[in-house]
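Me: I should be grateful for a close look at one part of the structure shown below, followed by an account of whatever else deserves attention. Please set it out as one connected description, naming the residues concerned.

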Amino acid sequence: MTDITDSPKLCVLYNFAPRYREAIFKAIDDRWDADWYFGSNSTDIKGLDLSVLKRSVVLTNKSLKGHWYWQKGATSLLKKTYSTYFLLGDPYCVSSWIMALRIKFFSKHKKLYFWTHGWYGKEGRMTKIIKKMFFKLATGVFLYGNYAKELMIQEGFPESKLFVIHNSLDYYNQKSIRERISGNGIYRAHFENDNPTLIFIGRLTKVKRLDLLIEAVASLNKSEVACNVVFVGDGTERANLKQLARQMGIEKHCWFYGACYDEKQNAELIYNADLCVAPGNVGLTAMHAMVFGTPVISHDDFKWQMPEFEAIKPGRTGDFFKKDSLPSLTDTIQTWLWTHKDRAIVRKACYDEIDNYWTPDYQMSVFEQHLKV
């Protein structure tokens with residue numbers, strides 16, 4: 001971390017610095033020589049080593065009532081000579097409201113952009129009012145997906161101010177690993193069978209509905225499509241899921257691998273699986289699976305999804321099942337395994353989806369076109 005100066009024109013303000021955004025943050029830093037301000041990380045998401053950025057400062061996020069919070073020191077950044085402010089577009093951050101209002105009405109020579117999920121489709125009346133007021137204060141809004149963009153257009157936002165950047169992980173490292181990886185017998189050795197192997201990689205929490213996955217595997221193992229499942233990750237539901245697997249009589253077909261921060265090992269586990277299944281909201285799991293060539297199944301109620309669901313192209317890079325429906329999930333897994341025997345074709349489709357739309361390069365192409373600094 002280094003001291004902030006007044007020389008750069010771009011100020012980037014985020015709620016905290018997640019490790020998985022390192023590649024895109026560094027690309028922005030190299031392109032615009034930005035000053036970075038992050039709130040302290042109070043989540044269980046791995047944080048970024050801020051030394052990879054030229055100049056950064058950690059602010060304190062102060063919790064207010066409910067979801068509302070304040071970033072101490074944020075509003076004072078308006079006194080600096082930045083021409084452009086790039087904020088996490090969180091309408092529950094009160095200090096961001098103050099900054100946006102002051103720029104909109106008292107510093108019209110400055111530009112303000114938001115980086116945000118935008119719209120989900122599940123907003124109630126009051127949330128819609130708050131979001132409309134907040135996002136309309138910006139010069140432009142950068143969104144993770146086309147689904148949110150279309151919803152915002154329906155809400156009256158001008159398309160000319162909405163820019164889709166998708167998302168990205170540690171893409172360059174992952175692609176380098178991918179170029180050297182090959183299939184092996186890791187699952188044959190562990191499970192001692194040649195059944196298809198399903199995988200979930202991510203935190204084991206209730207919202208992920210992994211109980212449905214275990215029940216689906218139990219159902220499949222009573223049919224003609226016996227399969228295994230591996231859980232790569234840890235979380236509050238791990239013990240409950242292991243108990244459920246025992247109750248369903250499939251503990252020998254379930255591998256609770258645990259959390260893994262070695263990307264080469266993650267790559268081996270994902271690459272050698274036949275299908276990634278995320279019964280709850282899929283999020284970054286979709287990108288992590290597809291970058292190593294594994295298709296993804298998740299639920300079809302998009303207002304409860306994370307933006308990365310858009311990487312799932314039915315029949316090509318995965319499929320959708322009816323939300324919370326065990327029969328639908330079981331049938332979707334079974335149909336996929338029956339109809340997609342050629343892993344090479346599926347693998348290439350997954351690679352193409354990530355390489356074309358879910359990389360720092362893609363994100364930077366959109367930023368360079370629309371972020372005016």
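Reply: In what follows, helices (H or I, at least four residues) and strands (E, at least two) are DSSP runs, numbered from the N terminus. The model is a predicted one.

The part chosen is helix α7, together with the loop that leads to it and the sheet beneath. R209 sits in the loop between β9 and α7. Its phi is positive, about 50°, although R209 is not a glycine. Most residues other than glycine have a negative phi. R209 has 25% relative accessibility and therefore counts as partly exposed, as buried means under 20% and exposed over 50%.

Helix α7 itself comprises residues 210-220. Eight of its eleven residues are buried, so α7 is largely enclosed by the rest of the structure. The buried residues are L210, L212, L213, I214, A216, V217, A218 and L220. Among the elements that cover them are the strands β9, β10, β11 and β12, and the cover also includes the helices α8 (238-247) and α11 (326-339).

The four strands just named belong to an open sheet of six, whose order is β11-β10-β9-β12-β13-β14, with parallel pairing. Strands of a sheet pair through backbone hydrogen bonds. At the edges stand β11 (254-256) and β14 (318-321), each of which pairs on one side only. From one strand to the next, the twist averages 25°. Helix α7 lies across β9 (197-201), β10 (228-232), β11 and β12, and runs at about 160° to β10. Helix α9, residues 263-271, also lies across part of this sheet, namely β9, β10 and β11, and runs at about 140° to β9. Elsewhere in the sheet, β12 (residues 275-278) runs parallel to β13 (residues 296-299), and three bridges join the two strands. Within that pair, C276 has V296 of β13 as its bridge partner.

A second residue with positive phi is found in another loop. D33 lies between α1 and β2 (35-39), and its phi is near 55°, although D33 is not a glycine. Its relative accessibility is 30%, so D33 counts as partly exposed.

The helix before that loop, α1 (residues 22-32), packs with α13 (residues 360-370) at an angle of about 40°, their axes being 10 Å apart. That angle makes α1 oblique to α13. The crossing of α1 past α13 is right-handed. On the side of α1, the contact is made by A23, I24, A27, I28, R31 and W32; on the side of α13, P360, Q363, M364, F367 and E368 take part.

One further loop residue, K110, may be set beside these. K110 lies between α2 (94-106) and β6 (111-116). With 10% relative accessibility, K110 counts as buried, because the cut-off for buried is under 20%. A polar atom of the K110 side chain lies 2.6 Å from the backbone oxygen of Y82. Apart from neighbours within four places in sequence, the residues in contact with K110 are L78, K80, T81, Y82, S83, Y85 and I103.

To return to the part chosen, α7 is largely enclosed, whereas R209, in the loop between β9 and α7, is partly exposed.

Conventions
Residues are numbered from 1 along each chain as its sequence is written. This is a predicted model: local features need pLDDT of at least 70, side-chain atom pairs count only at pLDDT 80 or more; totals for chains, interfaces and linings use all residues. Side-chain values use heavy atoms; hydrogens and water are left out. Two strands pair if DSSP finds at least two bridges between them. Axes are lines fitted to C-alpha atoms, for helices over the stretch in contact, and angles run from 0 to 180 degrees between N-to-C directions. Contact means heavy atoms within 4.5 Å. Buried means under 20% relative accessible area, exposed over 50%, partly exposed in between (1.4 Å probe, protein chains only). A polar contact is a pair of N or O atoms within 3.5 Å; within protein, one must be able to donate a hydrogen and the other to accept it, and residues adjacent in sequence count only if both atoms are side-chain atoms. Angles under 35 degrees count as roughly parallel, over 145 as roughly antiparallel, 65 to 115 as roughly perpendicular and the rest as oblique. A crossing is left-handed if the near helix is turned anticlockwise from the far one by less than a right angle, and right-handed if clockwise.
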